[in-house]
Amino acid sequence: MNILAISGSLRQSSSNTSLLKAVVEIAPENINVIIYDGIGYLPHFNPDLEEQEPPAVSAFRASLRDSQAVLISTPEYAHGVPGVLKNALDWLVSGGDLVDKPVALLNASPRSTFAQASLTETLAVMMAVISAETSVSISLPGNKRSVGEMAADPAISQTLSDVLAALARAVDTHPSNGSPS
């Protein structure tokens, strides 16, 4: 199973990106987690460009088509979803790329409730499959942790493993989720 992992942060030392990298480390052999690193290269959404889609958008859509599920980890900025993530999602609205696709939501701060709620609403409108099992906040203590430390932490790795297992069950439950062609 292929899972496309998207960070809503462009920061080099983002806790949310580090969480995704930890997921890559703890994923079982039958789950391939691919971190999409092109979110910052997507042009600003403009419906006039949809007829002649920019190459970065086409590549993003292809990554989604090649994945049975999506994992998003995002911070919260000013009680909302970061603009770069919202922009990426705006490119997908008219194409139906997330219809019936299982999506998991992570964030590295339990205080990020506004972004998580907003993102859940946006994805629900796009008809993505989201569940409470696949939407979690992971509290990282005040100090930054390396990817290896997160993957080695029993509580964090168990939570991430549980999310992957729930996402795999969602893929099995929604076979019309756009499996790779």
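# A guided tour, beginning at helix α3

The buried residues of α3 make their packing contacts with β1, α2 (55–65), β3 and α4 (113–125). The model shown here is a predicted one.

**Stop 1: helix α3.** Select residues 83–92, the span of helix α3. This helix is mostly covered, with 7 of its 10 residues buried. To display them, choose V84, L85, N87, A88, L89, W91 and L92, which are the buried residues of α3. Keep V84 highlighted, since V84 returns below as a member of a core of 24 residues.

**Stop 2: the whole chain.** Now return to the full protein chain and colour it by secondary structure. The chain contains 6 helices and 5 strands, and their order along the sequence is β-α-β-α-β-α-β-α-β-α-α. Its C-alpha trace extends over about 45 × 35 × 25 Å along the principal axes. How does the radius of gyration of the protein chain compare with that of a compact globule? For 181 residues a compact globule would have a value near 16 Å, and the chain has 15 Å, which agrees.

Burial and contacts may be examined in the same view. Of the 181 residues, 48% count as buried. Among contacts with a separation of 6 or more, 82% are made by residues 24 or more positions apart. A surface representation of the protein chain exposes about 8800 Å², of which carbon and sulfur atoms supply 53%. Colouring by charge brings out 10 positive and 18 negative side chains, and the centres of the two sets lie 7 Å apart.

**Stop 3: the largest nonpolar core.** In soluble globular proteins, nonpolar side chains tend to be buried together. Here the largest nonpolar core has 27 residues. Select I3, V33, L71, L106, I138, L160 and L164, the residues with the most contacts inside this core. At least two core residues come from each of β1 (2–7), α1 (15–26), β3 (69–73), β4 (103–107), α5 (147–152) and α6 (154–173). Which element gives the most to this core? Helix α6 does, with 6 residues.

Centre the view on L164. Setting aside residues up to four places away in sequence, L164 touches I3, V23, I26, A27, P28, I31 and V33. A second, separate core of 24 residues can then be displayed in another colour; L42, F60, V84 and V103 are among its members.

**Stop 4: V33 in strand β2.** Move from L164 to V33, which L164 touches. V33 is located in strand β2. Is V33 buried or exposed? Its relative accessibility is 9%, so V33 counts as buried, the cut-off being under 20%. Beyond residues up to four places away in sequence, V33 touches I3, A5, V23, V24, A27 and L164. A distance label between the C-alpha atoms of V33 and L4 should read 6.0 Å, although the two are 29 residues apart in sequence.

**Stop 5: E25 in helix α1.** Next select E25, which is found in helix α1. Its relative accessible area is 51%, so E25 is exposed, the cut-off being over 50%. Leaving out residues up to four places away in sequence, E25 touches V147, G148 and A151. A second distance label, from E25 to Q52, gives 37 Å between C-alpha atoms for a sequence separation of 27 residues.

**Stop 6: L49 in a loop.** Proceed to L49, in the loop between β2 (32–36) and α2. With a relative accessible area of 33%, L49 is partly exposed. Which residues does L49 contact, leaving aside its neighbours within four places in sequence? They are P54 and W91, and W91 is one of the buried residues of α3 from the opening stop. The C-alpha atoms of L49 and K101 are separated by 25 Å, with these positions 52 residues apart along the chain as their separation.

**Stop 7: two backbone conformations.** Most residues other than glycine have a negative phi. Two loop residues merit a check of this angle. H79 is found in the loop between β3 and α3, and H79 has a positive phi of about 65° although it is not a glycine. M127 lies in the loop between α4 and β5 (135–137). Its phi is likewise positive, at about 65°, and M127 is not a glycine. As for the side of solvent, M127 counts as partly exposed at 49% relative accessibility.

How values were computed: Residues numbered from 1 in each chain as written. Predicted model: local features only at pLDDT ≥ 70, side-chain atom pairs only at ≥ 80, totals over all residues. Heavy atoms only, no water. Helix = DSSP H or I, 4+ residues; strand = E, 2+ residues; numbered from the N terminus. Rg over C-alpha atoms; globule rule 2.2 N^0.38 Å. Buried < 20%, exposed > 50% of the residue type's maximum accessible area, 1.4 Å probe, protein only. Contact = heavy atoms within 4.5 Å. Areas by Shrake-Rupley, 256 points an atom, 1.4 Å probe, with all protein chains shown as cover. Lys, Arg positive; Asp, Glu negative; His and termini not counted. Charge placed at Lys NZ, Arg CZ, Asp CG, Glu CD. Core = buried A, V, L, I, M, F, W, Y, C linked by side-chain atoms within 4.5 Å.
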